[in-house]
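Trainee: Could you take me through the aromatic residues here, one step at a time, with the reasoning behind each answer?

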Amino acid sequence: MAYWLFKTEPGTWSWDDQMNTDIEGWDGVRNHQACNNMRAMKIGDEGFFYHSVKEKQIVGIVKVAKEFHPDPSDASGKFGMVGISAVKPFKTPVTLADIKVDDRFEDLALVRQSRLSVVPISDQQWAMLCEMGGVKP
């Protein structure tokens, strides 16, 4: 299993929205590296659900429910999407500020490549962030 982080603006699509749907298509990604990350995803992979912009915090865990397929919102046909479903919320959201002050996360893609909307998470980082969020990995 691989682990990921999905960024979203909560005013566009929030954790509450995700919790109230079965499977949601993660569409609109127009960065080649982020799209390639989604292309590598397999059903059952898990990811963090991250509220960007003002909140800047991990708020829950999702899983990949549908593998990479064409994104109908992309007229060029170059980009695709995956489908994700909610697994569980974090008991305590983990903020970007919390992550940045912890040396264990200096190589975390969320910190190093802050503009990417979909990034990989290592097994070790996954376990540490789940612990910080008060959930079992």
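Trainee: Which residues form one aromatic cluster with Tyr3 and Trp126?

Mentor: Bear in mind that this is a predicted model. The cluster joins Tyr3 and Trp126 with two phenylalanines, and these are Phe48 and Phe90.

Trainee: How many aromatic pairs does the structure hold?

Mentor: Ring centres must lie within 6.5 Å for two rings to be counted as a pair. On that basis, the number of aromatic pairs in the structure is six.

Trainee: Is the pair of Trp26 and Phe49 stacked or edge-to-face?

Mentor: The centres of Trp26 and Phe49 are 5.8 Å apart, and their planes meet at 80°. Because planes over 60 degrees apart fall in that class, the pair of Trp26 and Phe49 is edge-to-face.

Trainee: How many residues apart in sequence are the parts that this pair ties together?

Mentor: Trp26 lies in the loop between β2 (24–25) and α2 (32–39), whereas Phe49 belongs to strand β3 (residues 46–51). The pair therefore ties together parts whose separation in sequence is 23 residues.

Trainee: Is Phe49 buried or exposed?

Mentor: The cut-off for burial is under 20% relative accessible area. Phe49 has a relative accessible area of 0%, so Phe49 is buried.

Trainee: Which strands does the pair of Phe48 and Phe90 link?

Mentor: Phe48 and Phe90 form an edge-to-face pair, with 5.6 Å from centre to centre and 80° between the planes. The two residues are 42 residues apart, and the pair links distant parts of the chain, namely strands β3 and β5 (residues 80–95).

Notes
Residues numbered from 1 in each chain as written. Predicted model: local features only at pLDDT ≥ 70, side-chain atom pairs only at ≥ 80, totals over all residues. Heavy atoms only, no water. Phe/Tyr/Trp six-rings, centres within 6.5 Å; stacked < 30°, edge-to-face > 60°. Helix = DSSP H or I, 4+ residues; strand = E, 2+ residues; numbered from the N terminus. Buried < 20%, exposed > 50% of the residue type's maximum accessible area, 1.4 Å probe, protein only.
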